[in-house]
Amino acid sequence: FYKSFDSFMKVFSEEDRQAFPEIFNIPKGVYEVSMTKPLGIVFEEIEVGNKGVFVQELVEGGLAETQGKIQPGDVLVAVTAIKVVGAKFERRLIPARRFDFDTTVGAIGSNEPKWQCSDVILMFERPGESDPKEVDKFLEFFEPPFDNPWKQQQ
């Protein structure tokens with residue numbers, strides 16, 4: 001159950017941390033926020049059809065504006081999403097760089113109280129402050145298995 005980057009990575013040994021430092025540190029220009037819904041973010045597709053979304057604007061007085069971390073132009077690179085199989089469920093951080101608008105909204109919406117979610121975790125990249133290739137390499141660790149429904153929607 002993904003609650004935050006730090007809590008998710010806490011289970012790994014110091015040996016792992018030293019062997020794979022690129023996995024255990026969020027890349028420069030990337031940040032994670034925990035938010036309740038409504039988020040107060042207006043997303044727009046970067047390019048029509050599975051090319052990701054960016055923050056077009058923040059809703060005046062909304063949560064995102066109040067928190068003060070997210071800025072217009074930031075690119076959503078990962079989001080928590082719920083996968084349900086029978087009576088079991090899991091919450092994962094899913095790379096979202098190739099999500100279209102509807103898939104992004106679906107992933108955000110899947111973080112519901114009935115699945116023990118009181119928030120949604122979003123990871124953003126700030127263009128001009130990050131290295132997109134480094135970010136993509138970092139996100140490979142979070143790629144879901146092929147049979148995961150969020151993977152199939154990419």
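1. In this predicted model, D119 and R91 form a salt bridge, with their closest N and O atoms 3.0 Å apart. The two residues come from distant parts of the chain: D119 sits in the loop between helix 5 and strand 6, R91 belongs to strand 5 (residues 88-95), and 28 residues separate them. D119 and R91 are both buried.

2. The salt bridges number 6 in the structure. Another of them joins R97 to D136, where the closest N and O atoms are 2.5 Å apart. This pair also links distant parts of the chain, R97 being in the loop between strand 5 and helix 5 and D136 in helix 6 (residues 132-139), 39 residues apart. R97 has a relative accessibility of 21% and therefore counts as partly exposed. D136, at 34% relative accessibility, counts as partly exposed too. The value for R97 should be read against the cut-off, because buried means under 20% relative accessible area.

3. The R97 contact does not stand alone: R97, E125 and D136 are linked in a network of salt bridges. E125 falls within strand 6 (120-125), one of the elements that each supply at least two residues of the largest nonpolar core.

4. A further salt bridge is formed by E143 and R98, with 3.8 Å between the closest N and O atoms. E143 lies in the loop between helix 6 and helix 7 (149-152) and R98 in the loop between strand 5 and helix 5, so the bridge ties together parts of the chain that are 45 residues apart in sequence. E143 is partly exposed, with a relative accessible area of 23%. R98 is likewise partly exposed, at 41% relative accessibility. The distance of 3.8 Å may be set beside the limit used, since a salt bridge requires a side-chain nitrogen of Lys or Arg within 4 Å of a carboxyl oxygen of Asp or Glu.

5. The largest nonpolar core has 22 residues, and those touching the most other members are M35, I41, F43, I70, L122 and F124. At least two core residues come from each of strand 1 (30-35), strand 2 (41-45), strand 3 (53-58), strand 4 (75-85), helix 5 (101-109) and strand 6 (120-125). A second core, separate from this one, consists of 16 residues, including M9, V75, L93 and I121.

6. Which residues does I41 contact, leaving aside its neighbours within four places in sequence? They are M35, V55, E57, L58, V59, A64, I70 and F124. Among these, M35, I70 and F124 are also named with I41 as residues that touch the most other members of the largest core.

7. There are 12 aromatic pairs in the structure. In one, the ring centres of F8 and F142 are 5.9 Å apart and the planes stand at 40°, so the pair is tilted. F8 is in helix 1 (residues 5-9) and F142 in the loop between helix 6 and helix 7, which means that the pair ties together parts 134 residues apart in sequence. F8 is partly exposed at 33% relative accessible area, whereas F142 is buried at 4%.

8. F12 and F141 make an edge-to-face pair, 6.0 Å from centre to centre with 65° between the planes. Their positions are the loop between helix 1 and helix 2 (14-19) for F12 and the loop between helix 6 and helix 7 for F141, so this pair ties together parts 129 residues apart in sequence. F12 is partly exposed, with a relative accessible area of 28%, and F141 is partly exposed with 32%.

9. F8, F12, F141 and F142 belong to one aromatic cluster, which also includes Y2, F5, F24 and F138.

Definitions and conventions. Residues are numbered from 1 along each chain as its sequence is written. This is a predicted model: local features need pLDDT of at least 70, side-chain atom pairs count only at pLDDT 80 or more; totals for chains, interfaces and linings use all residues. Side-chain values use heavy atoms; hydrogens and water are left out. A nonpolar core is a set of buried Ala, Val, Leu, Ile, Met, Phe, Trp, Tyr and Cys residues joined through side-chain atoms within 4.5 Å. Buried means under 20% relative accessible area, exposed over 50%, partly exposed in between (1.4 Å probe, protein chains only). Helices (H or I, at least four residues) and strands (E, at least two) are DSSP runs, numbered from the N terminus. Contact means heavy atoms within 4.5 Å. Rings of Phe, Tyr and Trp (its six-membered ring) pair if their centres lie within 6.5 Å; planes under 30 degrees apart count as stacked, over 60 as edge-to-face and the rest as tilted.
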